[in-house]
Amino acid sequence: MATDTTPTGTLPEHAPRWKRLPVVHQLRTSVGLQRGMLVAGLVLTAVFVLTAVLAPLLAPYGWAQLRADGELFGSHVEPSSDHLLGTTVAGYDVLSRVIWGARTALYTIVIGVILSIVIGVTLGLLSGYFGGWLDRVLVVVADAIYAFPSLLLAILAAIVISGGQSSMWGGVMATAISITVVFIPQYFRVVRAEVVRVKGEAFVESARVVGAGHVRIMTRHVLRNAVRTLPLIVTLNACEAVLTLAGLGFLGFGIEPTAAGDWGYDLHKALADVTSGIWWTAIPPGVAIVLTALGVTLVGESLNDLADPRLRTRRRAALVAGEVGTTSVVPGGVLAAGPEGVDGLDALEGAPPEILPESEPVSGPEEDR
Amino acid sequence: MTTITTDETGTAPAPSATTPGRRRPGGGLGRYLLVRFLLIFPTILILVTTVFVMMRSTGDPITAALGGRLTPEQLAERIHEAGYDRPLIQQYLDYLGGILRGDFGTTISDNRPVTEVLLTYGTATLELAMYALLVAFVVGIPLGRLAAARRDRGVDATLRVSAVVAYATPVFFAGMLLKLVFSVWLGWLPVAGRASTGAEIQMQRKGSDTGIYLIDAISTGDGDVVVDVLQHAVLPAVALGLLTAGVFLRLVRTNVIGSLATGYVEAARSRGVPERRLLRKHAWRPALVPIITVIGLQIAMLLAGAVLTETTFEWKGLGFQLVQYLLARDYVAVQGMVALLAVIVALTNFVVDVIAALVDPRVRF
């Protein structure tokens with residue numbers, strides 16, 4: 001594992017700043033299939049964001065529009081030139097609702113990710129830096145919540161926040177907050193583990209000797225070195241946000257059709273259509289969910305593979321060898337998941353042994369063989 | 001660093017404890033199991049408390065369920081009877097006490113103990129989860145191994161992309177697609193439910209009463225009933241199983257590649273052990289250890305997935321029932337079921353950690 005954690009890393013100082021940005025840098029060092037996956041992911045994500053932003057221009061009708069030129073669209077109209085993807089049972093235009101739905105999904109992702117980062121990173125930083133009983137309690141709490149099926153938490157959050165009957169912001173916030181609850185432990189664990197490691201480094205100690213206060217050490221020295229793993233978790237977080245929003249909608253806790261477009265709600269209504277062979281109400285919103293989740297997951301997956309020297313595609317290995325230190329999004333392993341990398345995130349959902357308050361790190365292979 | 005299982009989250013408070021070779025007196029497996037066992041209790045307490053706080057912050061469940069249907073006086077009387085007008089802390093302690101006695105409350109809408117609901121519908125969910133795990137094993141593990149063996153070639157690329165697609169597809173959308181193609185368009189398989197009415201009557205009359213339909217069907221001794229039950233299970237099992245299969249595939253692939261790069265595999269390679277044998281004998285078994293952990297974690301995921309799958313296919317299990325209670329605004333039932341599921345998840349994780357520790361000595365500390 002890369003242990004190079006000096007603030008500057010190993011990239012030459014003269015590299016332009018934009019080339020050192022997380023995703024840009026990985027894009028430049030990737031080859032072959034990995035580059036293909038990363039590019040595909042970035043393209044899908046870009047299409048999704050653009051659709052969300054440009055929804056008013058792209059969508060032929062409003063999300064709750066039932067009539068044009070004084071004439072009703074009609075229920076379950078087959079795809080035609082007026083309605084490229086037909087209409088739903090309630091008489092909404094499917095294509096328009098899919099396009100507007102991107103907006104709702106984007107809101108959810110942005111709010112969910114920002115909330116979890118802010119809270120998770122802050123807690124991880126404080127917990128890892130100060131240690132003590134607070135640290136132990138937080139670790140146990142984080143693991144308990146981590147083990148819980150996120151959809152169930154989301155359902156509870158939806159009831160609490162909106163009473164199950166959602167306005168747009170009610171639905172978005174319910175999902176975003178439940179995503180936050182589920183993801184805080186992940187950010188917490190990653191940041192905390194990094195902080196525990198970084199705070200023992202010489203440069204932190206020297207800062208302390210010079211007389212820097214806790215706040216300054218935490219923000220200037222520790223934090224900046226502890227957040228390099230985050231891009232990876234953000235992508236997982238975003239994917240989970242899309243899927244949870246869809247799941248809530250599918251269970252009937254979606255956003256009311258008059259308030260916003262919601263893919264999950266549309267699928268909820270389409271369930272009955274499928275039985276009678278009507279495909280155009282189910283497939284478009286479903287494909288939209290899959291493509292969005294796929295986009296962010298592909299980006300995350302590629303970042304993870306590029307971070308792990310053993311998984312990186314081997315051709316041209318010599319060329320990138322000098323840059324391993326900085327390509328390692330995951331120094332010390334994602335969530336200390338070891339070679340499992342991003343899969344380790346799945347692997348860690350329970351209360352794995354390493355979080356036992358009394359535990360101590362495995363001291364290395366020599367003890368075991 | 002070739003530790004395959006998790007390491008160095010750095011929870012250890014004292015760095016000095018990492019000195020190699022140092023063993024605490026009385027350490028080892030027994031101590032690990034004890035600590036791990038004791039950890040169940042705070043975990044359950046935290047989860048159950050979270051559920052309680054969240055549900056109670058919406059107000060009392062009686063108003064939620066019956067508000068509007070009763071006069072305010074009747075409502076107040078019902079609230080008083082059920083004790084929801086007492087101080088919150090007292091309600092909380094009562095609730096915890098009930099859980100200790102195995103009492104998770106009584107549903108408002110049909111007045112049944114939550115534990116009974118769980119016993120009635122739990123078997124259906126268990127059956128579905130087992131089928132799904134079976135699909136995941138049969139599909140995910142061999143393909144993961146194949147992807148690792150053909151690393152960076154076309155097969156590997158295809159498999160990896162499929163795994164990501166499986167991960168990104170919501171289980172209910174997968175279910176709807178399967179339903180559309182195989183039930184509606186092709187007409188090969190039934191649309192929904194666990195068995196056709198005829199088969200259910202047969203099972204009630206002649207079969208056993210385990211609630212696991214496959215067993216009940218076999219006990220009728222009627223081949224048609226068994227086929228009917230299996231036909232109903234195919235689509236839900238595939239929909240739920242493919243998601244997990246994607247997770248298994250990625251995990252097996254990564255782990256096999258990881259263990260192929262370890263020192264002892266390198267040593268075997270330098271002794272002239274053929275590549276196939278390296279994969280089959282040397283790299284394979286250690287790569288499987290993390291799967292044990294993941295299977296346990298999949299239980300949590302399967303439970304969430306089951307809620308969605310059961311709704312898609314009208315599979316009358318816990319998830320289906322939970323949604324019915326949600327729609328009826330029966331929050332006592334919801335709170336009880338979610339709390340009970342939390343307990344199940346905590347216990348499963350304990351069992352999984354114990355198995356992992358027994359299999360892999362490196363997990364113990």
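UniProt feature names are shortened here, and an annotation may be inferred rather than shown by experiment. The structure treated in these exercises is a predicted model.

**Exercise 1. Transmembrane annotation of chain A**

Determine where UniProt places the feature "transmembrane region" in chain A, and describe the secondary structure of residues 105-130 and of residues 278-300.

Solution.
Step 1. The unreviewed UniProt entry places the feature at residues 37-59, 105-130, 137-161, 167-188, 230-255 and 278-300 of chain A.
Step 2. Residues 105-130 of chain A are 100% helix and 0% strand, and the end C-alpha atoms of this span lie 37 Å apart.
Step 3. For residues 278-300 of chain A, helix accounts for 78% and strand for 0%, with 35 Å between the end C-alpha atoms.

**Exercise 2. Transmembrane annotation of chain B**

State which residues of chain B carry the annotation "transmembrane region", and examine residues 33-55 and residues 233-252.

Solution.
Step 1. According to the unreviewed UniProt entry, the annotation covers residues 33-55, 128-149, 161-188, 233-252, 287-308 and 332-359 of chain B.
Step 2. In residues 33-55 of chain B, the helix content is 96% and the strand content 0%; the end C-alpha atoms are 33 Å apart.
Step 3. Residues 233-252 of chain B are 100% helix and 0% strand, and 26 Å separates the end C-alpha atoms.

**Exercise 3. Surroundings of Ala166(B)**

Identify the helix that contains Ala166(B) and the residues that Ala166(B) touches.

Solution.
Step 1. Ala166(B) belongs to helix α7 of chain B, which comprises residues 154-168.
Step 2. Leaving aside residues up to four places away in sequence, Ala166(B) touches Leu242(B), Leu243(B) and Gly246(B).
Step 3. Ala166(B) and Leu242(B) are 76 residues apart along the chain, yet their C-alpha atoms are separated by 6.5 Å.

**Exercise 4. The two domains of chain B**

Describe the interface between domain 1 and domain 2 of chain B: how much area is buried, and how many salt bridges does the rule find?

Solution.
Step 1. Domain 1 of chain B consists of residues 28-109 and 328-365, and domain 2 of residues 121-317.
Step 2. Taken over C-alpha atoms, the centres of these two domains are 30 Å apart.
Step 3. Nine residues of domain 1 are in contact with eight residues of domain 2.
Step 4. The buried area between the domains is about 720 Å², and carbon and sulfur atoms give 84% of this area.
Step 5. On the side of domain 1 that touches domain 2, six residues are nonpolar, two are polar and one is charged.
Step 6. The rule finds zero salt bridges across this interface, and zero residue pairs are in polar contact, counting pairs with both residues at pLDDT 80 or more.

Notes: Residues numbered from 1 in each chain as written. Chains lettered and ligands numbered in written order. Predicted model: local features only at pLDDT ≥ 70, side-chain atom pairs only at ≥ 80, totals over all residues. Heavy atoms only, no water. Domains from an automatic or database assignment. Contact = heavy atoms within 4.5 Å. Buried area = accessible area lost by both parts, 1.4 Å probe. Salt bridge = Lys/Arg side-chain N within 4 Å of Asp/Glu carboxyl O. Polar contact = N/O pair within 3.5 Å; in protein donor to acceptor, adjacent residues only side chain to side chain. Nonpolar A, V, L, I, M, F, W, Y, C, P; charged D, E, K, R; others polar. Helix = DSSP H or I, 4+ residues; strand = E, 2+ residues; numbered from the N terminus.
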